[in-house]
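I opened the model today with two matters in mind: a polar side chain that I wanted to place, and the nonpolar packing of the chain. My notes follow in the order in which I looked things up.

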Amino acid sequence: MAEAGITQFLDLGSGIPTVGNVHEVVHAHDPAARVVYVDIDPVAVAMSRMMLDGNPAATAVRGDVNDIDAVLRDPEVTEMLDFDRPVAVLAVALLHFLPDTARPIETIARLRNSLASGSYLAISHAGNEGPPDQMAAALELYRRTPTPMVLRSRTEIAAFLAGFELVEPGLVYLSQWRPDPDDIVEVRDFDGYVGIGRVAR
């Protein structure tokens, strides 16, 4: 997305900082690009703010993705990002933590309708089509956490990208998303899916 000329990035459910953060990847392409991290966990936000201290092109705010309108209106977000211009939104390893009762597809639709033409949405999502014993183990692990995981089928995951123009190669297994030429592509039964959609209207 940075290579496509996007200079504004909104990372939803960004979590605790690790290596290869979004702003590090983006700023390798354009040091002036703006990045906003959003997470509901105050510890993740505090750690992100510490890491970003002194970086005027990136910030972290606390927000609940389930109230996407409040996130998009947050003064710290709107100070950094101009939603009248294209924005790249990342929902990486996030949507499988949103239960159907929270109506996440409607949340993404509201987000899409708020984005300028030429904006992007990148998602990754755990699938439910692997070996039953491995799927059950994954669900059991997260069932004991405050954010249980919801595994979905490829068809259900594709619904999040409805209304977007899919970027090649479309919604595919993680290992199939534009691998390096020397990579050996090995699709595992329990791989999740990844896809990028573009707002075209």
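I began with Gln8 and asked whether this residue is buried or exposed. In this predicted model, Gln8 has a relative accessibility of 1%, and because the cut-off for buried is under 20%, I entered Gln8 as buried. I placed Gln8 in strand E1.

Next I looked up which backbone atoms lie by the polar atoms of the Gln8 side chain. I found the backbone nitrogen of Asp82 at 2.5 Å from a polar atom of that side chain, and the backbone oxygen of Pro86 at 3.1 Å from a polar atom of the Gln8 side chain. Leaving out residues up to four places away in sequence, I listed the residues that Gln8 touches as Arg34, Met80, Leu81, Asp82, Arg85, Pro86, Val87 and Ala88.

I then turned to the nonpolar packing. The largest nonpolar core has 31 residues, and those with the most contacts inside it are Leu10, Leu12, Leu111 and Leu121. Among the elements that give two or more residues to this core I noted strand E1 (8-12), helix H5 (104-114) and strand E5 (120-125), while H3 gives the most, with three residues.

From that core I followed Leu121, which, not counting residues up to four places away in sequence, touches Val89, Ala91, Ile108, Leu111, Phe160, Leu161, Phe164, Gly195, Ile196 and Gly197. My last entry is a second, separate core of 17 residues, which includes Ile6, Tyr37, Ala122 and Ile196.

Terms used:
Residues are numbered from 1 along each chain as its sequence is written. This is a predicted model: local features need pLDDT of at least 70, side-chain atom pairs count only at pLDDT 80 or more; totals for chains, interfaces and linings use all residues. Side-chain values use heavy atoms; hydrogens and water are left out. A nonpolar core is a set of buried Ala, Val, Leu, Ile, Met, Phe, Trp, Tyr and Cys residues joined through side-chain atoms within 4.5 Å. Buried means under 20% relative accessible area, exposed over 50%, partly exposed in between (1.4 Å probe, protein chains only). Helices (H or I, at least four residues) and strands (E, at least two) are DSSP runs, numbered from the N terminus. Contact means heavy atoms within 4.5 Å. A polar contact is a pair of N or O atoms within 3.5 Å; within protein, one must be able to donate a hydrogen and the other to accept it, and residues adjacent in sequence count only if both atoms are side-chain atoms.
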